[in-house]
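Here is a quick tour for anyone meeting this structure for the first time. Take a look at the picture, then read on.

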Amino acid sequence: MPVASELRTRLGSFLGPVCRVLLSRNSQTGVKLWNLLRMDRNNPVVINHAETAFGAEDNPASAAVRGSLLNGCWNDEAIAQVAFACGRADRTAWRNRTIEDALSATQAWRRLKGLTLASFFDLQPEEFEALVARVNVTGRWVDESLRELGATVRRNHIARHFFFKFLEAESDDEAWAALNISLSLTDERLLKWRSDAQTTRTEPPVVRRLHFLDLWAGGQNLDQEVCRESKRRKTFLGLEIMSGEIMPFM
């Protein structure tokens with residue numbers, strides 16, 4: 001209805017938080033609103049559907065919209081955003097259950113999609129290798145995909161190590177070098193590491209480094225510095241694809 005569409009346009013930025021509350025408190029209405037907001041392509045208001053889905057409490061309704069969101073991901077950028085939203089909301093149970101379900105799927109590409117999702121969490125390389133061992137599929141494109149996904153996990157592992165080296169290094173020169181190494185390898189996960197450290201770390205040297213990062217990032221635009229979206233839009237399951245090309249994986 002035109003009136004309903006106009007109302008969603010006028011209240012778009014307000015409806016995102018409302019949808020999150022409804023998914024937690026009134027699941028049927030929450031799912032209906034979430035679907036309307038997601039399907040409303042003409043709405044100029046940008047709503048972060050992943051943040052809405054994962055910001056809601058864990059229940060069947062929120063699980064349904066999260067699953068729908070992941071099912072609609074056909075490039076690595078979209079899968080990464082689901083993983084990052086899940087990580088920011090600390091929805092570990094959903095993460096573990098979803099990866100487990102994907103690895104148990106019949107289709108190889110679904111198992112690879114589960115591994116792609118896993119590669120965007122803060123897993124240790126050996127944890128990821130244990131998941132890879134369970135996939136049990138072979139083929140040229142599978143091997144290429146696994147190689148790229150493994151590289152993603154290792155880069156994140158190194159980036160995380162050097163980020164905390166930056167926070168804890170004794171000398172400022174060592175800290176600066178560590179920060180630059182981390183920034184060369186990291187992605188949006190660094191923003192969560194920083195947020196977690198600001199919440200949990202109270203040691204004066206660490207607090208000083210966090211203040212420095214905030215001041216430095218204000219001029220450097222840290223969000224853009226760590227963003228890897230443009231590259232991931234061109235890949236699916238770690239492999240380069242043409243725009244809209246998914247059939248080779250099906």
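## A buried acid and its partners

Which side chain makes a polar contact of 2.7 Å with the side chain of D187? One that does is R232, whose side chain meets that of D187 at this distance. Keep in mind while you read that this is a predicted model. A polar contact of 2.7 Å also joins the side chains of D187 and R189.

Where does D187 sit? You'll find D187 in the loop between α11 and α12. Its relative accessible area is just 4%, and the cut-off for buried is under 20%, so D187 counts as buried. If you skip the neighbours within four places in sequence, D187 is in contact with F84, N156, V226, R228 and R232.

## A little network of charges

D187 isn't on its own: together with E188, R189 and R232 it belongs to a network of salt bridges. Inside that group, the side chains of R232 and E188 meet in a salt bridge, with N and O 3.3 Å apart. This pair links distant parts of the chain, since R232 is in helix α15 (residues 229–232) while E188 is in the loop between α11 and α12 (189–200), 44 residues apart.

Are these two buried or exposed? R232 has 10% relative accessibility and counts as buried. E188 also comes in at 10% and counts as buried.

## Salt bridges elsewhere

The salt bridges in this model number 19. One of them joins R209 and D172, at 3.0 Å from N to O. R209 lies in helix α13 (residues 204–220) and D172 in helix α11 (residues 172–185), so the pair ties together parts that are 37 residues apart in sequence. The two partners sit in contrasting surroundings: R209 is buried at 4% relative accessibility, whereas D172 is partly exposed at 44%.

Another salt bridge pairs R25 with E57, with 2.9 Å between the closest N and O atoms. Here too distant parts of the chain are linked: R25 belongs to helix α2 (residues 12–25), E57 to the loop between α4 (49–55) and α5 (60–71), and 32 residues separate them. R25 is exposed, with a relative accessible area of 61%, and E57 is partly exposed, at 37%.

## The nonpolar cores

In soluble globular proteins, nonpolar side chains tend to be buried together. What does that look like here? The largest nonpolar core has 46 residues, and the members touching the most others are F54, V82, L112, L115, L117 and F128. Helix α6 (residues 76–88) gives the most to this core, with seven residues.

Zoom in on L112 for a moment. Leaving out its neighbours within four places in sequence, L112 is in contact with V135, V137, W141, V142, S145, L146, L149 and L237. Apart from the largest core lies another one, of 19 residues, including F166, L210, L222 and V226. You've met V226 already, as one of the residues in contact with D187.

## Stepping back

So what is the whole thing built from? The protein has 15 helices and two strands. It runs to 250 residues, and buried ones make up 44% of them.

Among the contacts with a separation of 6 or more, 70% come from residues 24 or more positions apart. As for the outside, the accessible surface comes to about 13,600 Å², and carbon and sulfur atoms hold 53% of it.

Methods. Residues numbered from 1 in each chain as written. Predicted model: local features only at pLDDT ≥ 70, side-chain atom pairs only at ≥ 80, totals over all residues. Heavy atoms only, no water. Salt bridge = Lys/Arg side-chain N within 4 Å of Asp/Glu carboxyl O. Helix = DSSP H or I, 4+ residues; strand = E, 2+ residues; numbered from the N terminus. Buried < 20%, exposed > 50% of the residue type's maximum accessible area, 1.4 Å probe, protein only. Contact = heavy atoms within 4.5 Å. Areas by Shrake-Rupley, 256 points an atom, 1.4 Å probe, with all protein chains shown as cover. Core = buried A, V, L, I, M, F, W, Y, C linked by side-chain atoms within 4.5 Å. Polar contact = N/O pair within 3.5 Å; in protein donor to acceptor, adjacent residues only side chain to side chain.
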